[in-house]
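Here are my comments on the model you sent round. Please read them with the structure open.

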Amino acid sequence: MPKYLTIAKQIEQQIVSNALRSGAQLPTEKELMNQFAVSRQTVRNALSFLSKKNLIYTIKGAGTFVSETIPAPTNSKNIAVLMTNADNYIFPYKSAGINSVLNQHGYISNIYVSNNRIDYEEDALRKILSANYAGVILEITKAFLPRSTDLIEELQRRFPLILIDGYYPQFPNLPYVALDDRMGGYKATEYLIQHGHKDIFHIGKIDDLQGILRYQGYIQALRDYNLKFSEDHVFWLTEEGSTALPNESFDLLWNKMQGCTAIFFYNDHIASSILPELVRRGVRIPEDLSVMSYDNSVFSMHPFQLSCIAHPLDNLGRVAAERLLELMENPGYDATYIFQPEIVERSSVRNLNG
């Protein structure tokens, strides 16, 4: 155990046992350095650990004091898990990964679902805040859109918390476990470019952070390879319209993508809903149109063999759960983990290079 953690645990025990009462002033940094024979940085790390657990607070120029309200220790073995969609095609993998780790360590997951709606997410957060949990795993909901900060700030204050499958730009300090979606979008586009494609269409999702990051990667790859970006080669979808396009919208998409030799889809689910209509209109894949998708789900394998960026699937859930458990033991732990994207090659990309 790191020295700072040993010191912090000793002080915490004094606080919990009332040897140090609410409002009591702690020794100065110098006094703690002498008492434990450690450096100033070690003392500061110990105090930071206690502060993150809301056990102490500091008044500039006055000193460090024991908090007036000490969080009650919890013996709960329940973990709150808030997911966006229970019927999402990736949900079973994420939840299986989370449960495999939690069960192994004697914890039970309590699943909440936001249906990828901010208002439902807030309702679920209120329910979680009213209960006794040992920690929380929160899958981001339309992270690119603004939201009330109060609930998530309270959640972070009350429980060890880790985000999964992305992050909230409004909360840059919250730890998260996710795939590098900007790099994923870059690699998908670069793969098409390296196979000779210059006019590359992108179908993205505008109301979530993953969609924006993948789009940024798409643009960056075009720029790095000195290819012209055209807004006419981008078609945006939202959550509500991501799986069933009305005829007039599909006609607009069809007209916009004329002249493109390749297309990069936001994910497999959207690809599987749009490609059959393109085929019905006479498009051959990959002879007329090469396709790169995202996720490597079952939709990428049937009915088309789609090359794609692989989603971590159950590994995402496993790593998130492991890092939450570590965060529960050590509030100073840097729990963020970013998966690097990998390409799965199948038969949906035609090589135009000679």
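The numbered points below take the sheets, then the salt bridges, then a few single residues.

1. Status of the model. This is a predicted model, and the comments should be read with that in mind.

2. The parallel sheet. Six strands make an open sheet with the order E4-E3-E5-E6-E7-E13, and the pairing is parallel. The edges are strand E4 (108-113) and strand E13 (337-339); each has a single partner strand, so one side of each is left without a neighbour in the sheet. Direction ignored, neighbouring strands of this sheet are turned by 15° against each other on average. As general background, strands of a sheet pair through backbone hydrogen bonds, either parallel or antiparallel.

3. Inside that sheet. Strand E5 (residues 135-139) and strand E6 (residues 161-164) run parallel and are joined by four bridges. Glu139 belongs to strand E5, and Ile164 in E6 stands opposite Glu139.

4. Glu139 in more detail. Is Glu139 buried or exposed? With a relative accessible area of 6%, Glu139 is under the 20% cut-off and therefore counts as buried. What does the side chain of Glu139 reach? The contact is with the backbone nitrogen of Thr84, at 2.8 Å. When checking Glu139 on screen, look at both the strand pairing with Ile164 and the side-chain contact to Thr84.

5. The mixed sheet. A further open sheet has six strands in the order E9-E8-E10-E11-E12-E14, with mixed pairing. Strand E9 (234-237) and strand E14 (343-344) stand at its edges; since each has a single partner strand, one side of each is left without a neighbour in the sheet. Within this sheet, E11 and E12 run parallel and are joined by four bridges. Met292 has Ser307 in E12 as its bridge partner.

6. The loop after E11. Strand E11 (290-295) and strand E12 (307-310) are connected by a loop that contains Met301. Together with Tyr93 and Val298, Met301 makes a nonpolar surface patch of about 250 Å². Met301 has 37% relative accessibility, so it counts as partly exposed.

7. Salt bridges overall. How many salt bridges does the count come to? The count is 16. In general terms, side chains of opposite charge can pair when their charged atoms come close. Points 8 to 11 go through some cases.

8. Glu29 and Arg40. These two side chains meet in a salt bridge, with 2.9 Å from N to O. Glu29 lies in helix H2 (residues 29-36) and Arg40 in helix H3 (residues 40-52), so the pair ties together parts that are 11 residues apart in sequence. Both ends are partly exposed: Glu29 has a relative accessible area of 23%, and Arg40 is at 35% relative accessibility.

9. Arg126 and Asp123. The closest N and O atoms of this salt bridge are 3.2 Å apart. Both residues lie in helix H5 (residues 118-129), three residues apart, which is about one turn of the helix. Arg126 is partly exposed at 45% relative accessibility, and Asp123 is partly exposed at 40%.

10. Asp181 and Arg214. The side chains meet in a salt bridge at 2.9 Å, N to O. This pair links distant parts of the chain, as Asp181 is in helix H7 (residues 181-194) and Arg214 is in helix H8 (residues 209-224), 33 residues apart. Are the two partners buried or exposed? Asp181 counts as buried because its relative accessibility is 3%, and Arg214 is buried with a relative accessible area of 4%.

11. A linked group. Salt bridges also connect Asp251, Glu277, Arg280 and Arg281 in a network. These four residues are better viewed together than as separate pairs.

12. Ile7. Helix H1 (residues 3-16) contains Ile7, which is buried with a relative accessible area of 2%. Which separation do the C-alpha atoms of Ile7 and Phe36 show? The distance is 7.6 Å, although the two residues are 29 residues apart along the chain.

How values were computed:
Residues are numbered from 1 along each chain as its sequence is written. This is a predicted model: local features need pLDDT of at least 70, side-chain atom pairs count only at pLDDT 80 or more; totals for chains, interfaces and linings use all residues. Side-chain values use heavy atoms; hydrogens and water are left out. Patches are made of residues with over 30% relative accessible area and no salt bridge: like charges are joined within 9 Å, nonpolar side chains (Val, Leu, Ile, Met, Phe, Trp, Tyr) within 5 Å. Accessible areas come from the Shrake-Rupley method with a 1.4 Å probe; for residues, only the protein chains shown count as cover. Helices (H or I, at least four residues) and strands (E, at least two) are DSSP runs, numbered from the N terminus. Buried means under 20% relative accessible area, exposed over 50%, partly exposed in between (1.4 Å probe, protein chains only). Two strands pair if DSSP finds at least two bridges between them. Axes are lines fitted to C-alpha atoms, for helices over the stretch in contact, and angles run from 0 to 180 degrees between N-to-C directions. A polar contact is a pair of N or O atoms within 3.5 Å; within protein, one must be able to donate a hydrogen and the other to accept it, and residues adjacent in sequence count only if both atoms are side-chain atoms.
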